[in-house]
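Q: I would like to go through the labels attached to this structure and ask, for each of them, what justifies it. Please set the values against the definitions as you answer.

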Amino acid sequence: MPEIRQCAWCLLVVDGAGRYSLQPGRKIKSATHGICPNCKEQMRAEIEQAA
Ligand SMILES: [Zn+2]
């Protein structure tokens, strides 16, 4: 069974093509939680704003 990768921020899940495009609408317990490019970019912008 392939591992599920989910963004811990927006909860998007990676599809077969490696893109964060699936929206399960909830946190998947068994998934590996990371951060998608969109949220990463948003966080980076927030950090830069705070600095
Ligand atoms: Zn995200």
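Q: Why is Met 43 called partly exposed?
A: The relative accessible area of Met 43 is 33%, and since buried means under 20%, exposed means over 50% and partly exposed lies in between (1.4 Å probe, protein chains only), Met 43 counts as partly exposed. The model is a predicted one, in which local features need pLDDT of at least 70 and side-chain atom pairs count only at pLDDT 80 or more, while totals for chains, interfaces and linings use all residues. Residues are numbered from 1 along each chain as its sequence is written, and side-chain values use heavy atoms, with hydrogens and water left out.

Q: Where does Met 43 lie, and which residues does Met 43 contact beyond its neighbours within four places in sequence?
A: Met 43 belongs to helix α1, residues 37–50, where helices (H or I, at least four residues) and strands (E, at least two) are DSSP runs numbered from the N terminus. With neighbours within four places in sequence set aside, Met 43 is in contact with Trp 9 and Ile 35, contact being defined as heavy atoms within 4.5 Å. The C-alpha atoms of Met 43 and Cys 7 are 13 Å apart, with these positions 36 residues apart along the chain.

Q: How do you know that the length of α1 agrees with what is expected of its residues?
A: The expected span is 1.5 Å times one less than the number of residues, so the 14 residues of α1 should span 20 Å, and the end C-alpha atoms are indeed 20 Å apart, which agrees. As for cover, α1 is hardly covered, with one buried residue among its 14.

Q: What makes the pair Arg 44 and Glu 41 a salt bridge?
A: A salt bridge requires a side-chain nitrogen of Lys or Arg within 4 Å of a carboxyl oxygen of Asp or Glu, and the closest N and O atoms of Arg 44 and Glu 41 are 2.7 Å apart. Both residues lie in helix α1, three residues apart, about one turn of the helix. Arg 44, at 42% relative accessible area, is partly exposed, and Glu 41, at 41%, counts as partly exposed.

Q: How many salt bridges are there by this rule, and which residues do they join into one network?
A: The count comes to two. Glu 48 forms a salt bridge with Arg 44, with 2.9 Å between the closest N and O atoms, and because Glu 48 and Arg 44 are four residues apart in helix α1, about one helical turn separates them. Glu 48 is called exposed because its relative accessible area is 52%. Salt bridges with shared partners join Glu 41, Arg 44 and Glu 48 into one network.

Q: What makes the arrangement around the zinc ion tetrahedral?
A: The zinc ion is coordinated by the SG atoms of Cys 7, Cys 10, Cys 36 and Cys 39, at 2.3 Å, which falls inside the limit for donors (N, O and S atoms within 2.8 Å of the metal, or 3.2 Å for Na, K and Ca; water is not among the atoms, so sites may look incomplete). Four donors count as tetrahedral if all angles lie between 85 and 135 degrees, and the four donor atoms here subtend angles of 105 to 113°, so the arrangement is tetrahedral. The ideal angle for four tetrahedral donors is 109.5 degrees. In sequence, the donor residues are spaced C-x2-C-x25-C-x2-C.

Q: Are the donors Cys 7 and Cys 10 buried or partly exposed?
A: Cys 7 is buried, because its relative accessible area is 0%, whereas Cys 10 is partly exposed at 31%.

Q: Why is Val 14 called buried?
A: Val 14 has 14% relative accessibility and therefore counts as buried. Val 14 lies in strand β2, residues 13–14, and touches Arg 5, Arg 19, Tyr 20 and Leu 22, residues up to four places away in sequence not being counted.

Q: What makes Gln 6 a buried residue?
A: Gln 6 counts as buried because its relative accessibility is 0%. Gln 6 lies in strand β1, residues 5–7, and its contacts outside the four nearest places in sequence include Leu 12, Tyr 20, Ile 28 and His 33.

Terms used: Tetrahedral: all angles 85-135°; square planar, octahedral: opposite > 155°, others 65-115°.
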